[in-house]
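Q: I would like to learn how to read strands, sheets and helix contacts in a model like the one below. Can we go through it feature by feature?
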Amino acid sequence: MKPITIAIALGVLFSLPSLAAEPARDDLKLWYAQPAPLAKDWTYPKNPLEQTKAWLEALPVGSGRLGAMVFGGAAEERIQFNEDTLWAGKPHDYVREGAGEHLPFIRQQAFANLKEDTQEAEALNKLIKEKFLSNPVRQKAYQPFGDIRLTFPGHEDFSNYRRELDLDSAIARTTYKVGDVTYTREVFASYPDDVIVVRITAEKPGKVNFTLKLDSPHERHETKVVGNDTISLSGQVIDRVPKDEPGTRFESRIRVVNDGGSVSTSGDAITVENADAATLLLVAATSFVNFQDVSGDPAARSQAYMQKLGDKAYDALKQEHVADHQRLFRRVSFDLGRTDRADLPTDERLKHVIESSKSIAGGNKDKPKPDALPREGLDADPALAALYFQYGRYMLIGSSRPGTQAANLQGVWNELLNPPWESKYTTNINFEMNYWPAEVTNLSELHEPMFAMIDDLRVSGARTAKKMYDSRGWVLHHNTDLWRGTAPINNIDGLWPTGAAWLSHHLWERYLFTRDKEFLAIRAYPAMKEASQFFVDFLIKDPTTRYLVTNPSHSPEHAAPGRALISYGPTMDNQLIRSLLSYTIEASEILGVDSDFAQKLADIRKQLPPNQIGRHGQLQEWIQDLDEPDNNHRHMSPLWGLYPGWDITPADTKVFDAAKVLLKWRGDGSTGWSFGWRIPLWARAYDGEYAYRQLHLQLAKRTLPNLFDLCGPFQADGNFGATGGIAEMLLQSHLRPTENRDLHEIHLLPALPSAWPKGSINGLRARGGFEVNMTWDGGELTKATITSQLGNPCRLRLGDKTVDLKTEKGKSYTFDAQLARSNQQ
Ligand code: FUC
């Protein structure tokens, strides 16, 4: 049915959304009418940002371990690729010798509530920087691997161009016509076969002609012919800081399988002539074995990857890849209706949202005004919001699979030798945000690489805890890298010792969603227990308030007005630790272990500072009442307890209201991830309009043509945060009545914005082991189906109404708009 056109805005037609029974598969595509601009020539430019501009229009594919950016050039194609263990550096313990000796003095100064810019504060900062921070002071950077460069002679003049990324099949496709021949290229990264595959076809026989080379930005690299259809690229990362030092070794191989015509190698190139089609198979490996061992042989490894592929035909590779991807991706479908905007290329759709929102300051000046949003912006293209949601899921599937490294600041996609913030793992928000969609959007197994990293951090973090704080357990400060650095880094804002508590929260969340007791016993509890153990030893009594507090610490990257940054007992730390102790106690009860230890944790929990309400009615960010009204810092640290935590819930109305005061002060986001955090925060405050505003502005202010999120540079966390945030607007399940901790409350449509009056979402997951499908119309739920995966009871909530439900494993329960049961399957 053709949607009815109702308005003309900015010269573009837009229309009332029409809702399909199943979202059209075409609505799961990003597409463009022109190639991503290639770097000017084939050398790596001096100014890396110049290249990045082109890269940010390319389209990502990923298998978790391997990632690639497809530019879609016609005569010249560039496919930039990554492997997730190619990092600068080598196994290393970052703790500075003798750091622990300075702890008593640092603590004493932190308790002295130093004013900013005083001599004492400067001296403290100097001491921390020179004697307490890690050695070296920066962690190591994630590296680019190389590029596939393809030249197609005679393809300078082309027509009918289209390039697309199909989220549903995870295939990037480029098509265009030269003369009367249509050419198609497909690129995907296969998890089951561990390979990046490129397929080049022409509509007419014998028309495929090209030359292939491998290239790399690493100074130390060479390309070689390996056989009559294969070339290799090998090299070694040279770490420039603090001095030139050879590090991780790497090798990749690319093989060309031609259908008809001929393939030959000469020099460092492969040439295909007069073929009907050709398949390119790229494998890649490094010397990394684990964070303490780099003895791997990248040549033997890539040879083994290639051998494993054998003679598998393109169709078989594609079939396995698509099946594997869709097994994950298709678990959730999301439909907000479509307008004519959805027929436009993705960059033009985004441009409309950007143009229409230009008058809104965003960031630091504007206060949220839900009704001030341009209706011709994102409202006129609800399918773009749905696409953006699914893109976050797509990116997680592409950058985090069991057995791979966890998704870093750029997921798995990086072309720079010096990427922003080293493209590592920032744990005072960014790394955790990557995993917000994992459980709720039905991608639970993609959480695994984070848990594998926790296993490593328990080892390196225990060393740091002992040496720096003479404490048992494991500590993690605000960053880590491939080498599992856990000491404080960079600057004084690296001195935040609560990272392990935040990571532990993910282990507990995984348990709540899956109720997997084996996971709890073997994987989660030991890490949670050791994280708690650290705080048992590390917390210290504040001489003024008599509370047990963290010291030294600070509220992430935010100094209290007029005060030195380094302080003690910030609200976020108290929430993180209170939560950690609580679920560690609960886990020990569930598992029937460590009752004495649990008792100890309960004693400590009583002595933590509570969430405090300040003189303006705000939730305090610091242990003292120092907040300034309307401070709109990008970090939302004291609201951790509202989201992703549950230390603040409507059960305590006063604190809940105080949290809302602070949330409002913080205003709109500035960096992409800071919008991405505000979405679920407003959802937890049950305000769909404010949540939607943050999403709208994130797209308008911090999104690139390829829908990558921008911090300043590209940072994947904002994509993941927005996806998790949208899920939180539609479904929440974090509340449990105190009298029955096993009864999860499944809250349907807790923060539905007016811009999405009609829609459906299928396959979201709720804690306790449930899958939830919902449809709504006129802003009201019309139908919900709850499928019980484990047979647990639950409490359904719709607005003020609740219904308790006993379930049987495997059964589905359908409810109408009044939460009355309409059938049982
Ligand atoms: C935190 C943020 C920055 C950036 C960096 C990776 O330090 O405050 O904005 O996201 O992490």
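Q: How many of the residues of strand β14 are buried?
A: One point before the count: this is a predicted model. Of the 10 residues of β14 (residues 230-239), 10 are buried, so the strand is largely enclosed by the rest of the structure.

Q: Which residues of β14 lie on one side and which on the other?
A: The general idea is that side chains in a regular strand alternate between the two faces of the sheet. In β14, one side holds Thr-230, Ser-232, Ser-234, Gln-236 and Ile-238. The other side holds Ile-231, Leu-233, Gly-235, Val-237 and Asp-239. Both sets are buried, and both faces of β14 are therefore covered.

Q: In which sense, parallel or antiparallel, does β13 pair with β14?
A: Strands of a sheet pair through backbone hydrogen bonds, in either a parallel or an antiparallel way. Strand β13 (residues 221-225) pairs with β14 in the antiparallel sense, over 5 bridges. Within this pair, Lys-224 is opposite Ser-232 of β14. The connection from β13 to β14 is a hairpin of 4 residues.

Q: How many bridges join β14 to β15?
A: There are 9 bridges between β14 and strand β15 (residues 245-259), and the two run antiparallel. Asp-239 has Glu-245 in β15 as its bridge partner. Here too a hairpin makes the connection, and 5 residues lead from β14 to β15.

Q: What is the strand order of the open sheet of 7 strands?
A: The order is β4-β5-β6-β7-β12-β17-β16, with antiparallel pairing. The edges are β4 (59-62) and β16 (262-266), each of which pairs on one side only. From one strand to the next, the twist averages 20°.

Q: Which residue of β6 stands opposite Ala-68?
A: Start with the strands: β5 (residues 66-70) and β6 (residues 76-83) are antiparallel partners over 5 bridges. In this pair, Phe-81 of β6 stands opposite Ala-68. A helix also belongs to the picture: α7 (residues 382-399) packs on the sheet and touches β4 and β5. The direction of α7 makes about 45° with that of β4.

Q: Which strands stand at the edges of the sheet with mixed pairing?
A: That sheet is open and has 4 strands in the order β24-β25-β29-β30. Its edges are β24 (731-732) and β30 (801-805); each has a single partner strand, so one side of each is left without a neighbour in the sheet. Further in, β25 (residues 744-748) and β29 (residues 794-798) pair in the parallel sense over 4 bridges. There Ile-746 is opposite Leu-796 of β29.

Q: Now the helix contacts. At what angle do α12 and α14 cross?
A: Helix α12 (residues 517-538) and helix α14 (residues 595-606) cross at roughly 50°, and their axes come within 11 Å. That angle makes α12 oblique to α14. The crossing is left-handed. On α12 the contact is made by Tyr-525, Lys-529, Ser-532, Gln-533 and Val-536, and on α14 by Phe-597, Lys-600, Leu-601 and Ile-604. By class, these residues are 5 nonpolar, 2 polar and 2 charged.

Q: How far apart are the axes of α11 and α13?
A: The axes of α11 (residues 499-514) and α13 (residues 571-591) are 10 Å apart, and the helices pack at an angle of about 40°. This makes α11 oblique to α13. Their crossing is left-handed. Residues making the contact include Trp-502, His-505 and Trp-508 of α11 and Leu-576, Tyr-583 and Glu-586 of α13. The contact as a whole divides into 10 nonpolar, 2 polar and 1 charged.

Q: To end with a single residue, is Ile-128 buried or exposed?
A: Relative accessibility is the value to read, and a residue under 20% counts as buried. Ile-128 has 0%, so Ile-128 counts as buried. Its place is in helix α3 (residues 119-132). Leaving out residues up to four places away in sequence, Ile-128 touches Ile-106, Leu-133, Ile-492, Leu-495 and Ile-566. For a sense of distance, Ile-128 and Asn-228 are 100 residues apart in sequence and 58 Å apart in space, C-alpha to C-alpha.

Note on methods. Residues numbered from 1 in each chain as written. Predicted model: local features only at pLDDT ≥ 70, side-chain atom pairs only at ≥ 80, totals over all residues. Heavy atoms only, no water. Pairing = 2+ DSSP bridges. Axes fitted to C-alpha atoms, helices over the stretch in contact; angles between N-to-C directions. Parallel < 35°, antiparallel > 145°, perpendicular 65-115°, else oblique. Left-handed = near helix turned anticlockwise from the far one by under 90°. Contact = heavy atoms within 4.5 Å. Nonpolar A, V, L, I, M, F, W, Y, C, P; charged D, E, K, R; others polar. Buried < 20%, exposed > 50% of the residue type's maximum accessible area, 1.4 Å probe, protein only.
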